[in-house]
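Opening the notebook on a new model today. I want to go through the backbone, the charged pairs and a pocket, one entry at a time.

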Amino acid sequence: MQRFAVYPGSFDPVTLGHMDIIRRGASLFDRLVVAVATNTGKRGLFTEEERVELLHRSVAGIPGVEVRRMSGLLVDFVRETRASVVIRGLRAVSDFEYEFQMAAMNRKLNPEMETLFLTSAESTSFISSHLVREIAGMGGDVTPFVPTNVVPELARRLAMIRSQG
């Protein structure tokens, strides 16, 4: 019997922290679906399609990983993919309270679904998409924080935003 898991997130943009969780999750499961979600509480830098494409290029070569768009409830997406586990990354203790609440709610909505928390590697625990966007927006070097394919896309997007503003 194959083991499937889902790793949801907004990935705006995908970071090396995300990539660490993806690699580790892929080593634990036969198939890992990276679910690019719409976060209605955040204004995104990249469109969903762009985030999916950036992730496709970033995960190329990692066996058993696929990238898909996700809309609606996570519990519905998990059922649709026939996964039984959701992977969530924890960078710091401060992440745990929110993630624990979400895991409890998801389990209430789908009692067959488990949430697996993976702690970030020490080398990536301080990286967040928000900080990457801020650094890039102020002209800083983000190459130590994101996959190489993301760097030029960030520069292009920010140049486009500057030219419109």
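**Entry 1: a pocket lining.** I started with the second largest pocket in this predicted model. Sorted by class, its lining comes out as three nonpolar, three polar and four charged residues. The names I wrote down for the lining are Arg43, Gly44, Leu45, His130, Arg133, Glu134, Gly137, Leu158, Ile161 and Arg162. I put the volume of the second largest pocket at about 260 Å³. Which helix gives the most to the lining? Helix 5 does, with four residues. Helix 5 (129–137) and helix 6 (150–164) each bring at least two residues to the lining.

**Entry 2: helix 1, length and cap.** Next I checked helix 1, residues 16–28. With 13 residues at 1.5 Å a residue, helix 1 should span 18 Å, and I get 19 Å between its end C-alpha atoms, so the two agree. I then looked for a cap and found threonine 15 at the N-terminal end of helix 1, where a side-chain oxygen sits 3.2 Å from the backbone nitrogen of glycine 17. Threonine 15 turned up again when I followed histidine 18, whose side chain reaches the backbone nitrogen of threonine 15 at 2.9 Å. Histidine 18 is itself part of helix 1. Is histidine 18 buried or exposed? Its relative accessible area is 16%, so I log it as buried, the cut-off being under 20%. Other buried residues I noted in helix 1 include Gly17, Met19, Ile21, Ile22, Gly25 and Ala26.

**Entry 3: salt bridges.** I ran the search over the whole structure and got 13 salt bridges. I took three pairs and one network for a longer look.

The first pair I picked belongs to helix 1: arginine 24 bridges to aspartate 20, with the closest N and O atoms 2.8 Å apart. The two residues are four apart in helix 1, about one turn. Aspartate 20 counts as buried because its relative accessibility is 16%. Arginine 24, at 29%, counts as partly exposed.

Then I looked at arginine 68 and glutamate 80, a salt bridge with the closest N and O atoms at 2.5 Å. This pair links distant parts of the chain, with arginine 68 in strand 3 (residues 65–70) and glutamate 80 in helix 3 (residues 74–81), twelve residues apart. On accessibility, I have arginine 68 as partly exposed at 26% and glutamate 80 as exposed at 53%.

Helix 3 also holds a pair of its own. Arginine 79 forms a salt bridge with aspartate 76, and here the closest N and O atoms are 3.3 Å apart. Both lie in helix 3, three residues apart, about one turn of the helix. Both count as partly exposed: I get 44% for arginine 79 and 41% for aspartate 76.

Last for this entry, I noted a network of salt bridges that links Glu48, Glu49 and Arg69.

**Entry 4: backbone oddities.** I wanted to see where the backbone departs from the usual. Most residues other than glycine have a negative phi, and most peptide bonds are trans. Which peptide bond did I flag as cis? The one from aspartate 12 to proline 13, with omega near 0°. Proline 13 is in the loop between strand 1 (4–9) and helix 1.

That loop also contains phenylalanine 11. I flagged phenylalanine 11 for a positive phi, near 50°, in a residue that is not glycine. At 2% relative accessibility, phenylalanine 11 counts as buried.

Another positive phi, about 65°, belongs to arginine 82, again not a glycine. I located arginine 82 in the loop between helix 3 and strand 4 (85–90). Is arginine 82 buried or exposed? Exposed, with a relative accessible area of 63%.

**Entry 5: one distance.** To finish, I looked up phenylalanine 117, which is found in strand 5 (residues 114–119). Phenylalanine 117 counts as partly exposed at 26% relative accessibility. From its C-alpha atom to that of valine 132 I get 23 Å, the two residues being 15 apart along the chain.

Definitions and conventions: Residues are numbered from 1 along each chain as its sequence is written. This is a predicted model: local features need pLDDT of at least 70, side-chain atom pairs count only at pLDDT 80 or more; totals for chains, interfaces and linings use all residues. Side-chain values use heavy atoms; hydrogens and water are left out. A salt bridge is a side-chain nitrogen of Lys or Arg within 4 Å of a carboxyl oxygen of Asp or Glu. Buried means under 20% relative accessible area, exposed over 50%, partly exposed in between (1.4 Å probe, protein chains only). The expected span of a helix is 1.5 Å times one less than its number of residues. A polar contact is a pair of N or O atoms within 3.5 Å; within protein, one must be able to donate a hydrogen and the other to accept it, and residues adjacent in sequence count only if both atoms are side-chain atoms. On a 1 Å grid over the protein atoms alone, a cavity is a set of points where a 1.4 Å probe fits but cannot get out, and a pocket is an open set with protein on both sides within 12 Å along at least five of seven lines; lining residues have an atom within 4 Å of a point. Grid points are joined across faces, edges and corners, and a volume is the space filled by probe spheres set on the points. Ala, Val, Leu, Ile, Met, Phe, Trp, Tyr, Cys and Pro count as nonpolar, Asp, Glu, Lys and Arg as charged, and the others, Gly among them, as polar.
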